[in-house]
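Colleague: I would like to go through this structure with you, one question at a time. Please show it first.

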There are 2 protein chains.
Amino acid sequence: MAVQIIRLPQKMQRKALAIRKAGKTIAFVPTMGALHEGHLSLIDLARKKADYVVVSIYVNPTQFGPKEDFSRYPRPFKTDAALCKLRGTDIIFNPDNLYAPDSSTWINEETLSTGLCGGARPGHFRGVTTVVGKLFNLVLPHVAVFGQKDAQQVAVIERMVRDLDFPLKIIRAPITREPDGLAMSSRNIYLSPDERQKAVILSQTLKTAKQMARDGKNPKQIAQTIGKMIAQFAPDARIDYIELRHSQSLIPLKQIVPRKTLVALAVYFGKTRLIDNAVI
Amino acid sequence: MAVQIIRLPQKMQRKALAIRKAGKTIAFVPTMGALHEGHLSLIDLARKKADYVVVSIYVNPTQFGPKEDFSRYPRPFKTDAALCKLRGTDIIFNPDNLYAPDSSTWINEETLSTGLCGGARPGHFRGVTTVVGKLFNLVLPHVAVFGQKDAQQVAVIERMVRDLDFPLKIIRAPITREPDGLAMSSRNIYLSPDERQKAVILSQTLKTAKQMARDGKNPKQIAQTIGKMIAQFAPDARIDYIELRHSQSLIPLKQIVPRKTLVALAVYFGKTRLIDNAVI
C-alpha cells in the first residue's frame with residue numbers, strides 16, 4: 001500500500017477523525033526526521049499496536065534554543081519517506097509550519113522538565129510539550145510511541161498525558177544501539193571519526209553502572225565512577241550531567257530503586273551533545 | 001430521557017469515545033454550577049448543535065486566587081442537576097477532583113490573558129485554560145459553548161483551541177440579562193439589596209457606549225463617560241477596569257472597529273466583583 005503524505009494540519013485532523021469514525025485505531029510516532037534504525041524500531045512497534053501508523057516529520061523550532069542547531073538540523077525528507085514506507089507507515093504527516101505568527105499558548109510541565117536536559121536547554125521542554133500536545137490533537141492517536149533514548153522527554157510526555165487527560169496511551173520503546181553500543185541519534189552524524197570512537201564510552205559506563213548497582217553501590221558512587229571513566233577514556237569530552245533518578249517521577253535518588261533507577265548522561269564531544277541512559 | 005450523572009473522569013472519557021464511535025456528536029457546556037438562566041441558555045444552544053449535550057459542573061480550584069471565593073462559591077448540585085434535566089442535558093459530568101496531587105502540567109495563554117480580568121486575578125486564566133483543556137480531553141466535544149459574559153475568557157479559549165489545534169469549534173453565546181439589564185451571574189447572590197440596585201448602572205453604561213460609538217466618539221471618550229456615570233450613580237462602587245478592546249485579539253483600541261469593539265467593565269460592589277461587556 002502506498003504511503004500517504006499529508007502536509008496541511010487541518011487535513012491531517014480530518015483524516016484522523018475519519019479513521020476514528022470508521023472504528024479504526026491510530027498509532028503515532030512523532031519524529032523530527034533524519035530517521036535512523038532507532039526511529040524505525042518505533043514504527044515497527046507502532047505497527048503492532050493499531051490499524052494505522054502515522055509518522056510525523058517536523059523539525060519543531062520551539063524546542064531549539066537560540067544557539068542550538070535548528071537551521072543545520074538534517075532534513076533528508078525523501079530518504080525519510082522511503083524508510084517510513086519500507087517499514088509500513090500508512091501516513092506521513094509533514095507540515096511546513098505548525099504555529100500561527102501570533103501563537104501565544106504553551107503547554108508547560110514544571111517539575112520533571114527541570115534539571116537534566118532542561119538545565120542545559122532552557123525552554124526546550126516547553127517546546128516539546130507544546131508541539132506534542134498539538135500533534136496529539138491533529139493526529140488523534142490511540143497510542144503514541146516514544147523512544148526511551150530521550151528518557152526525560154518520555155517521562156515529561158507521560159506526565160503531560162496524565163495531567164491533561166489526553167485520551168491515549170504512551171508506549172516507551174527501548175534504545176537502539178550501534179554494534180559497538182553507541183545509542184542511535186540523528187546527531188551522531190556531527191561527530192568526527194575520533195569523537196565517534198570516544199563516544200562509545202557512554203554505553204560502557206551504563207554497563208558498569210548496572211554491575212555496580214548489583215554489587216550494592218549507591219547512586220553517588222556510581223555517578224563518580226562514571227565521571228572518572230569518561231574523563232579517562234575521553235579527556236576532551238565535557239560532561240553536562242551524570243544523574244541517577246527515578247525513571248518516572250525523575251526524583252533524584254540516594255538509594256537504588258530496583259528496575260526504576262534511571263542512569264542518565266549528557267556529554268559534549270566537541271560541539272555535539274550526546275545523551276544516553278539505562279534503567280537499572 | 002433520564003440525565004446520566006458521571007463522576008469519574010475516566011468514565012466520562014470512555015463514554016465520550018463510545019458516543020463518537022457510534023457516529024454521534026457532542027456539544028459541551030462547561031460550568032462551575034450555581035446555574036442561572038445564562039447557563040441554561042447555553043444548554044439550549046448546545047441542544048441545537050449536536051446529538052448529545054454534556055454539561056460539566058466543577059468548581060475548579062486552580063482558577064481561584066488565594067483570597068478569592070473558592071470555598072464559599074455556591075454548590076447547589078441537586079438544583080443544578082434538576083435544571084440541566086429540565087433543559088435537555090444528556091450527561092452531567094460532576095467530578096470530585098480533576099487534579100493529581102503532584103500535578104505539574106499547565107496550559108498557559110500568554111497574551112490575551114494579560115490585563116482586564118487577568119490583571120486583578122493573577123493565575124486565573126492559567127487555571128481556566130488548564131481545566132478547559134482537561135475537560136476537552138475528557139468530554140471530547142465537537143462543539144463547546146461559552147458565554148460572551150466572560151468575554152476575555154472566551155477569547156482566551158478560542159486562542160487556545162487555535163494554538164493547540166483542539167479538534168472542536170467554540171460557540172459564543174450572548175449575555176442573558178435580568179429584566180432591569182443586570183447581566184446574570186452566579187455571584188449576583190452576594191449583592192446586598194442596595195448593591196443589587198446600584199449594579200444596574202453597568203448595563204446602562206453599555207447602552208450609552210453603543211450610542212456614543214454611533215455618534216463618532218472614540219474609545220477614550222467612551223471610557224471616561226462610563227467612569228463618570230458609575231461614580232455618579234454608585235459612588236461606593238470601586239472600578240477595576242473600563243476598557244475598549246478588539247473583541248478577538250483583545251488589543252486595546254484607539255479607534256472604534258465596527259462590530260469588533262469590546263467594551264468591558266469590572267466593578268466591585270462591596271466585596272463582590274461584577275463584570276459586564278458589549279461588543280459594539
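The questions below deal with sheets, helices and a nonpolar core in a predicted model.

Colleague: In the open sheet β8-β9-β10 of chain A, which strands stand at the edges?

Modeller: The sheet has 3 strands in the order β8-β9-β10, and the pairing is antiparallel. A strand at the edge has a single partner, so one side of it is left without a neighbour in the sheet. In chain A, the strands in that position are β8 (238-246) and β10 (272-279).

Colleague: Over how many bridges do β9 and β10 of chain A pair?

Modeller: Strand β9 covers residues 261-269 of chain A. Within this pair, Y268(A) stands opposite R273(A) of β10(A). The two strands run in the antiparallel sense, and the number of bridges is 8.

Colleague: Which helix of chain A packs on the sheet, touching β9 and β10?

Modeller: The helix spans residues 201-214 of chain A. Its direction makes about 25 degrees with that of β10(A). The helix is α8.

Colleague: At what angle to β8(B) does helix α9 of chain B run?

Modeller: Chain B has an open sheet of 3 strands in the order β8-β9-β10, with antiparallel pairing. Helix α9 (residues 219-233) lies across β8 and β9 of chain B. Its angle to β8(B) is about 155 degrees.

Colleague: Are α5 and α6 of chain B roughly parallel or oblique to each other?

Modeller: Two packed helices are described by the angle between their axes and the distance between the axes. For α5 (residues 124-139) and α6 (residues 151-164) of chain B, the axes are 11 Å apart and the angle is about 50 degrees. Angles under 35 degrees would count as roughly parallel. The angle of about 50 degrees therefore makes α5(B) and α6(B) oblique.

Colleague: Which residues of α6(B) make the contact with α5(B)?

Modeller: α5(B) passes α6(B) in a right-handed crossing. From α5(B), the contact is made by F125(B), V128(B), T129(B), V132(B) and G133(B). From α6(B), the residues are Q153(B), V156(B), I157(B) and M160(B).

Colleague: Which residues touch the most other members of the largest nonpolar core?

Modeller: In soluble globular proteins, nonpolar side chains tend to be buried together. The largest nonpolar core here has 163 residues. Leaving aside neighbours within four places in sequence, the contacts of V139(B) include M12(B), I26(B), F28(B) and F93(B). The residues that touch the most other members are V139(A) and V139(B).

Conventions: Residues are numbered from 1 along each chain as its sequence is written. Chains are lettered from A and ligands numbered from 1 in the order in which they are written. This is a predicted model: local features need pLDDT of at least 70, side-chain atom pairs count only at pLDDT 80 or more; totals for chains, interfaces and linings use all residues. Two strands pair if DSSP finds at least two bridges between them. Helices (H or I, at least four residues) and strands (E, at least two) are DSSP runs, numbered from the N terminus. Two residues are in contact if their C-beta atoms, placed from the backbone, lie within 7 Å. Axes are lines fitted to C-alpha atoms, for helices over the stretch in contact, and angles run from 0 to 180 degrees between N-to-C directions. A nonpolar core is a set of buried Ala, Val, Leu, Ile, Met, Phe, Trp, Tyr and Cys residues joined through C-beta atoms within 7 Å. A residue is buried if 20 or more other C-beta atoms lie within 10 Å of its own, exposed if 12 or fewer, and partly exposed in between; C-beta atoms are placed from the backbone. Angles under 35 degrees count as roughly parallel, over 145 as roughly antiparallel, 65 to 115 as roughly perpendicular and the rest as oblique. A crossing is left-handed if the near helix is turned anticlockwise from the far one by less than a right angle, and right-handed if clockwise.
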